[in-house]
Amino acid sequence: MKKNFKLGVIGCGFMSSAIIKGAINGKILSAEQIYVSDINQDSLDKIATLGVKTTQDNIDLVNKSEIVLFAIKPQNLNDVLLNIKGCKCNKFISIMAGVKKKKIKSTFPSAKIARCMPNTPCSIGSGAVGLDLSDFKCNRDKGFITKLMSSFASVVLVDEDKLNAVTGVSGSSPAYFYLFLKGIIESGVKHGLNYEDAKTLAVSTMIGAGKMVQENSEKSLDDLINAVCSKGGTTIQAINTYNDCELSKITEKAIDACVKRASELENL
């Protein structure tokens, strides 16, 4: 059967839309090479404005696509697999949290599956993705999938058994940063700033700090911390308070809890 499309996408939600936009904007794929399915016609109508072909027929999509991306809720996977069982496709990408590759291989035993964990900043082209490509031996396929993910995120290659750690470090961590940022802003308001000014100062500083880490790879994080601190100055007082409250241990415990829950979901 002729494969009319390079990429078929099952599910037209927040993250898959980001992937599709990244692929087109990054010129990894043309809109005509992408086929998208969803049960929600409104979602399909919205994504169709990018020029991609849409359908509510998963079977047609799978049979006509070289690589199929699963971008659905994990609880809907059984129904989708039952629907497309017997289709002629053996290359898949999954962004479903808590779903091991062996689940998809129970329906497609000979399939090669790339599993990845993106995060919400992928939607604005500034995300991070942990990507397992261990099933793929063909450099062409590996290169395509890596370029696809790199069109909207920084990509780190890992084995599948490390993806729960990726969930704790990057998949869930935007929420950690938002919580920390919220505390800084509220403290600024407490000390007399209005909310919008405190937000502008804190958000800009967080973005800048991230760029400082990226652009000073020869320096350790301790070096960057010490560069802001001076003996007897203001910053060291805040750092000492964080150390007294064991911020590092609190963070470790939080990520431990996240990774543990990811493992539990995989084993359900």
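Two exercises with worked solutions on helices of a predicted model follow.

In this model, local features need pLDDT of at least 70, side-chain atom pairs count only at pLDDT 80 or more, and totals for chains, interfaces and linings use all residues. Residues are numbered from 1 along each chain as its sequence is written, and side-chain values use heavy atoms, with hydrogens and water left out.

**Exercise 1.** Determine how α7 is placed against α12, and which residues meet.

*Solution.* Step 1: the axes of α7 (residues 163-171) and α12 (residues 247-267) come within 8 Å and cross at roughly 140°. Axes are lines fitted to C-alpha atoms, for helices over the stretch in contact, with angles from 0 to 180 degrees between N-to-C directions. Helices are DSSP runs (H or I, at least four residues), as are strands (E, at least two), numbered from the N terminus.

Step 2: α7 is therefore oblique to α12 (under 35 degrees is roughly parallel, over 145 roughly antiparallel, 65 to 115 roughly perpendicular, the rest oblique).

Step 3: N164, A165, T167 and G168 of α7 meet I255, C258, V259, A262, S263 and E266 of α12 (contact: heavy atoms within 4.5 Å).

**Exercise 2.** Establish whether α1 is largely enclosed or not, and what covers its buried residues.

*Solution.* Step 1: α1 is largely enclosed by the rest of the structure, because nine of its twelve residues are buried (under 20% relative accessible area; exposed is over 50%, partly exposed in between; 1.4 Å probe, protein chains only).

Step 2: these buried residues are M15, S16, S17, A18, I19, I20, G22, A23 and I24.

Step 3: their cover includes β1 (5-10), β2 (34-37), α2 (41-48), β4 (65-70) and α6 (139-150).

Step 4: K27, with a positive phi near 60°, follows α1.
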